[in-house]
Every structure is written in C-alpha cells, then in structure tokens.
Amino acid sequence: MKEFVAAGIQMAVNLENVEATIDRAVVLLKEARETCGASLAVYPESITTGFNPGESAREFYGRLDGIPGKMTWRIQEAAKDIGISVVWPLYEKGEKEGVIYNSAALFDHRGELAGVYRKTHPFPTERLEAGGWTTPGHETVICELPFAKVGLIICYDGDFPELSRVLALKGAEVIVRPSALLRSYEIWELTNCARAYDNHVYFVAVNAIGQDRGGAYYFGHSMIVSPIGQKLALARAGEEIVYARLSADPLKYVTYGTKSPMLFDHLEDRNLKAYEGIMSKGRSSFEPSRRIPYQNG
C-alpha cells in the first residue's frame, strides 16, 4: 500500500430525481479531489434511489439498469476527468428477471470498472424471500488500485466478522462499507472500529443521510478508522465530506500518541485449531422479537 487520502462523501438522495442526485454527487466528487486531495471516494449505500424503494420488487426492477449502465456512466466520466477512484453503491438489475442486487461498483481513476460487489448479507426485510427486493450475492471482492487493495462490503455485512476477515486474509488493506444504517450510533461505531481492529485494516464507512421512500431517516456519522481502531475522521448528521490520510505503515505502535511498539498481528496469531464449526449454520440462544419467515429458508 502507498500513502493516500480516502474520503467519504456523505450526501442525501433526491428521491424524485436520480439525475439531480448524480449531479450533486459529481460536484462533491470534485470537491473531495480538489479540496481534500482524495484518491478514493466512497458514497453511501443505494445512492441513486435510496435504500427502501417504496414499491414492489417488480416495479423497482423495471427502473434499474446493469453495471455499467445509465446510472453509472456520468460517475465513470467524472472519475476519469478528475483522476479519482470511486465506490458507487446502487441497486443493480440482475441478469434474470426479478433479480435485484444491492451492489457497489468501484471505478478507478481512468473511469474503468475495477470490480462489482453484490451484498452478501441483505438486511432481513430487504431480502426478496422475505417479501423485500434484494437477492444476495455470494462472492467476496477485492480491487487492486495503484495505491491499495480495497475490499468491498455493504452495511449489514459489517455485522458479520467472518466477511471482513476473509477480505483481510485475501490481502485487503482497506475495507469500504457504504451503508444506510438505522440502528444506533453505538452499533455503527462499534462494528466499524471492531472490524478495522480485528483485521488490522483501514475501514471507510459511509452512512446515508436524509429520508428514503420507506419513511426512514438516516443519521450519517460516516467515519474512517485505522487498523489499530482509531477514528481518523468523523462526520456529523448532514451533508459532509470526511477524509483522512492513510499511512502505509500503520501497525508500528500499539496505540496512537505513543511510541509503544506493536508486538502482535491478529491474522498471524489466530489459533486455527480452535475454530472447528465456524462454518456451521446456527441461531442465537436468545430469541429476537420475531423471526422473518424466509420463503426458501
């Protein structure tokens, strides 16, 4: 990894006009590059439509496009013109009718598609088999950019330690987490900091603001976390760009503001013999308020 600046572009979706949202996204992308010096910019989850589409899966499918497509070309063009890599999260029309993926596309500084990640852990109410609209993906994605290896996850994925661990084991140095998270700030902060510290990776977590068609309001507080769990940048609850310079050598000291040496590596120090059963199906010993009845579960 080379030292570089990462930025989170925290902005709201214009629910009535996708083009207006993209217009604003391009303006803020230029600002992230020119004002902050960012080489990588990350937007919130489902930036073109908002998280909850507020319509049937069939109707929603008809409004979407593939990747690349009509909802990406202007961002690709801007990435090339500005010279910045962009994580652009949006719903993607699948290859089969009725299949909608909650995806994140990464376009490099040439405007070329470096990779597409399809959310592997859709939130329960989002899942098609629970009456929602999203079909889960099944592949991990790491994009090798000139300055870093970037792993992609989306929102609820960050609740699952195994997914970030797999990305780290495959070489990710930075994990990005575009989100539309509605739980508490404490859960947002905890999971971002834990996944960064667990795996000694940088975490760029960008949360939505504003309202979606389901009537939910999002609280923002996007953040960038270091591999030793330090918050390097923290947004408020409105439109804002957060950014941080990511060091290429972040594990020398056990905590920030000290020269006390780091003497451990969470990946190397795992006792693999203790992990028997980690890939087994399971349920919590405690019951949630209700369980979503998945049709194919």
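This tour moves through the structure stop by stop, from its open and enclosed spaces to its surface and its charged pairs. Keep in mind throughout that the model is predicted.

**The largest pocket**

Begin by selecting His 121, Tyr 156, Phe 160, Glu 162 and Gly 282, which, of the 39 residues lining the largest pocket, are the closest to its centre. The volume of this pocket is about 1,800 Å³. Next, colour helix H4 (161–169) and helix H5 (185–199), each of which supplies at least two residues of the lining; H4 gives the most, with six residues. If you then colour the pocket lining by residue class, you will find 17 nonpolar, 12 polar and 10 charged residues.

**The cavity**

Turn now to the enclosed space, for the structure holds one cavity of 30 Å³ or more. To find its centre, select Val 13, Gly 50, Ala 208, Ile 209 and Tyr 218, the closest to that point of the 14 residues that line the largest cavity. The volume here is about 80 Å³, and the lining is made up of nine nonpolar, three polar and two charged residues.

**A nonpolar patch**

Move out to the surface and select Leu 272, Tyr 275, Ile 278 and Met 279, which form a nonpolar patch with about 480 Å² of accessible area together. Within this group, Tyr 275 is found in the segment after strand E14 (240–246), and because its relative accessibility is 37%, Tyr 275 counts as partly exposed.

**Salt bridges**

A search of the whole structure finds 18 salt bridges, and a few of them make good stops. Select Glu 189 and Lys 231, whose side chains meet in a salt bridge at 2.6 Å, N to O. Glu 189 lies in helix H5 and Lys 231 in strand E13 (residues 231–234), so this pair ties together parts that are 42 residues apart in sequence. Glu 189 is partly exposed, with a relative accessible area of 23%, and Lys 231, at 32%, counts as partly exposed too.

Go next to Arg 110 and Glu 112, where the side chains meet in a salt bridge at 3.6 Å, N to O; Arg 110 is partly exposed at 46% relative accessibility, and Glu 112 is partly exposed at 41%. Then select Glu 287 and Arg 291, which are joined in a salt bridge at 3.0 Å, N to O. Here Glu 287 is exposed, with a relative accessible area of 59%, whereas Arg 291, at 31%, counts as partly exposed.

For the last stop, show the side chains of Glu 19, Asp 23 and Arg 74, which are linked in a network of salt bridges.

Conventions:
Residues numbered from 1 in each chain as written. Predicted model: local features only at pLDDT ≥ 70, side-chain atom pairs only at ≥ 80, totals over all residues. Heavy atoms only, no water. 1 Å grid on protein atoms, 1.4 Å probe; cavity = no way out; pocket = protein on both sides within 12 Å on 5 of 7 lines; lining within 4 Å. Points joined across faces, edges and corners; volume = space filled by probe spheres on them. Helix = DSSP H or I, 4+ residues; strand = E, 2+ residues; numbered from the N terminus. Nonpolar A, V, L, I, M, F, W, Y, C, P; charged D, E, K, R; others polar. Patch = residues over 30% accessible without salt bridge, like charges linked within 9 Å, V, L, I, M, F, W, Y side chains within 5 Å. Areas by Shrake-Rupley, 256 points an atom, 1.4 Å probe, with all protein chains shown as cover. Salt bridge = Lys/Arg side-chain N within 4 Å of Asp/Glu carboxyl O. Buried < 20%, exposed > 50% of the residue type's maximum accessible area, 1.4 Å probe, protein only.
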